[in-house]
Amino acid sequence: DNINHHILINILRKRIDDEQFISLIWKFLRAGYLEDWKFHKTFSGTPQGGILSPLLANIYLNELDNFMSRYKSTFDLGKAKKTNPAYSRINHQIKKARKELWEAKGKDEIQEKELGITLRKLLAERERIPQRYPMDENYKRIQYVRYADDFLIGVIGSKEDAYRAKKDIANFLKSELKLTLSEEKTLITNTRHKARFLGYDVKVGRDFHSKRRSDGIKTRAFSLKCELYMPTDLVYSRLFKKGAIKVNQKTGKWKPMHRPELIKLVPLEILRNYNAQIRGTYQYYQLAVNVCHLNSYKYLLEYSMYKTLANKYRTTLSKAKRKFMVNGIFQVSYMTKSGKKTEVLYDKGFRRNKAPITKKDIEKLPSEVSYQSRTSLIQRLVANQCEWCKAEEGSMEVHHVRKLKNLKGKKKWERQMIARNRKTMILCRKCHRDLHNGKLD
């Protein structure tokens with residue numbers, strides 16, 4: 001909303017030497033908007049929902065990227081942290097203990113045993129001590145990453161360095177881009193604590209335990225490594241907003257609920273909605289250390305689906321579940337041109353993915369729109385084909401019954417509706433008239 005038009009145009013002019021094109025951008029920015037049928041002029045910002053808006057915002061904030069690149073070159077200091085004196089001291093004691101153990105081998109069993117115990121204690125103590133001095137004033141680093149208008153800055157240095165960096169960035173944004181930092185969102189957090197960024201919680205691990213590599217060398221593989229965590233509160237709050245879960249007043253835990261907006265869909269569409277939610281959430285959080293917590297998330301969605309199907313068929317949860325269970329696996333069968341197919345509830349687990357992500361749509365959270373855009377009834381009407389005589393000419397009509405249990409199954413069309421478990425049937429005008437006159441079969 002606060003992008004300055006004049007600054008944006010000046011930025012574009014650095015690379016674009018075409019005033020007609022620049023004039024077109026001006027018109028886009030100054031197009032204005034209608035609210036309650038009243039025209040409002042736009043003096044700043046990019047049009048919300050405009051196809052160019054994200055691109056122009058990125059071009060505008062590219063100036064911040066360039067500033068941070070220059071700032072990093074002046075901020076970074078030193079080549080490496082100096083060795084921790086406490087680590088050097090314990091390392092010297094370990095070397096001494098190893099030498100004494102080597103000399104005592106085969107000579108004195110009691111002394112050899114005591115030296116072995118001492119060495120193991122010293123090695124365990126060394127694992128708890130960082131090799132490099134944590135607060136080396138001669139070593140500083142800054143790292144910056146941005147996605148749209150959300151950015152995260154990591155600082156190796158003192159708290160004062162972090163405050164100074166924040167102040168310098170705020171001054172640049174105010175003077176050069178006429179933007180102000182949000183004080184509520186721009187927080188300074190110690191890396192021991194989690195910082196929220198793009199739906200992930202980010203922190204730096206401090207596990208100094210060593211791990212043996214494939215070549216046999218022991219390293220501190222988890223020491224001071226950046227870790228991503230899935231914020232379970234955020235994940236469950238999304239389900240709460242959808243109405244899939246609610247808080248159990250007695251236990252204070254999450255309780256699965258049926259979703260009324262899905263009841264009118266056929267079972268296959270309901271299953272695909274829940275599968276999209278489970279798969280999409282896992283795809284987004286597969287980099288998280290605690291992604292295995294999605295097992296309980298899946299459990300809530302699974303029983304929300306059972307309750308939705310139970311409400312659809314006006315039966316109990318166990319009966320609705322049993323209706324679609326085949327050899328202990330929940331599945332929905334459907335017919336295609338190539339024959340009968342089945343779709344099952346997602347059951348591939350939630351393992352953490354450590355490999356690089358190559359998919360371009362990884363940042364997208366799950367969407368259910370594709371499974372709710374049309375009901376099967378509308379799709380059948382759009383197909384414009386009689387479900388009895390297969391005629392495709394003329395307008396189609398819908399024959400419906402109040403309850404499936406009212407059908408006796410004596411006639412062929414009744415058996416067809418019962419088999420499909422549908423209270424509606426798409427018929428051409430002639431077949432519909434014949435059905436009501438008792439002449440259809």
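Helices (H or I, at least four residues) and strands (E, at least two) are taken as DSSP runs and numbered from the N terminus. The structure described here is a predicted model, in which local features need pLDDT of at least 70 and side-chain atom pairs count only at pLDDT 80 or more, whereas totals for chains, interfaces and linings use all residues. Residues are numbered from 1 along each chain as its sequence is written, and side-chain values use heavy atoms, with hydrogens and water left out.

On this basis, the secondary structure of the protein chain comprises 13 helices and 16 strands. The radius of gyration, taken over C-alpha atoms, is 33 Å for the protein chain, while a compact globule of 441 residues would have a value near 22 Å, the globule rule being 2.2 Å times the number of residues to the power 0.38. Along the principal axes, the C-alpha atoms occupy a box of roughly 105 × 80 × 45 Å. Of the 441 residues, 32% are buried, where buried denotes a relative accessible area under 20%, exposed one over 50%, and partly exposed a value in between (1.4 Å probe, protein chains only). The area exposed by the protein chain is about 29900 Å², of which carbon and sulfur atoms supply 52%; accessible areas come from the Shrake-Rupley method with a 1.4 Å probe, and for residues only the protein chains shown count as cover. With contact defined as heavy atoms within 4.5 Å, 63% of the contacts between residues at least 6 apart in sequence join residues at least 24 apart. The protein chain carries 93 positive and 47 negative charges, whose mean positions are 8 Å apart; Lys and Arg count as positive and Asp and Glu as negative, without His and the chain ends, and the place of a charge is NZ of Lys, CZ of Arg, CG of Asp or CD of Glu.

Strand pairing was assigned where DSSP finds at least two bridges between two strands. An open sheet of three strands follows the order β12-β13-β14, with antiparallel pairing. Its edge strands, each of which pairs on one side only, are β12 (325-326) and β14 (339-344). Strand β13 (residues 329-336) is joined to β14 by six bridges in the antiparallel sense, and within this pair Thr 336 stands opposite Gly 339 of β14. In the loop between β12 and β13 lies Asn 327, a residue other than glycine whose phi is positive, near 55°. Asn 327 is classed as exposed because its relative accessible area is 78%.

Antiparallel pairing is also found between strand β3 (residues 141-147) and strand β4 (residues 150-156), which share seven bridges. The bridge partner of Tyr 147 in β4 is Asp 150, and in this hairpin, with two residues between the strands, Ala 148 takes a positive phi near 55°. Lys 140 lies in the loop between α5 (109-127) and β3, and is counted as buried because its relative accessible area is 19%. Although Lys 140 and Val 155 are 15 residues apart along the chain, their C-alpha atoms are separated by 7.5 Å. When residues up to four places away in sequence are not counted, Lys 140 touches Phe 75, Asp 76, Leu 77, Ile 156, Asp 161 and Arg 164.

Further along the chain, Leu 198 occupies the loop between β5 (195-197) and β6 (200-206). Its phi is likewise positive, near 55°, in a residue other than glycine, and Leu 198 is partly exposed, with a relative accessible area of 30%. Val 202 is located in strand β6 and is buried, at a relative accessible area of 12%. The C-alpha atoms of Val 202 and Arg 192, ten residues apart along the chain, are separated by 9.5 Å. Apart from neighbours within four places in sequence, the residues in contact with Val 202 include Leu 152, His 193, Phe 197 and Cys 226.

Gln 385 is situated in the loop between α11 (376-383) and β15 (396-400), where it is partly exposed, with a relative accessible area of 31%. Gln 385 and Leu 427 are 42 residues apart in sequence, yet their C-alpha atoms are 7.5 Å apart in space. With neighbours within four places in sequence left aside, Gln 385 is in contact with Lys 390, Ala 391, Glu 392, Met 396 and Ile 426.
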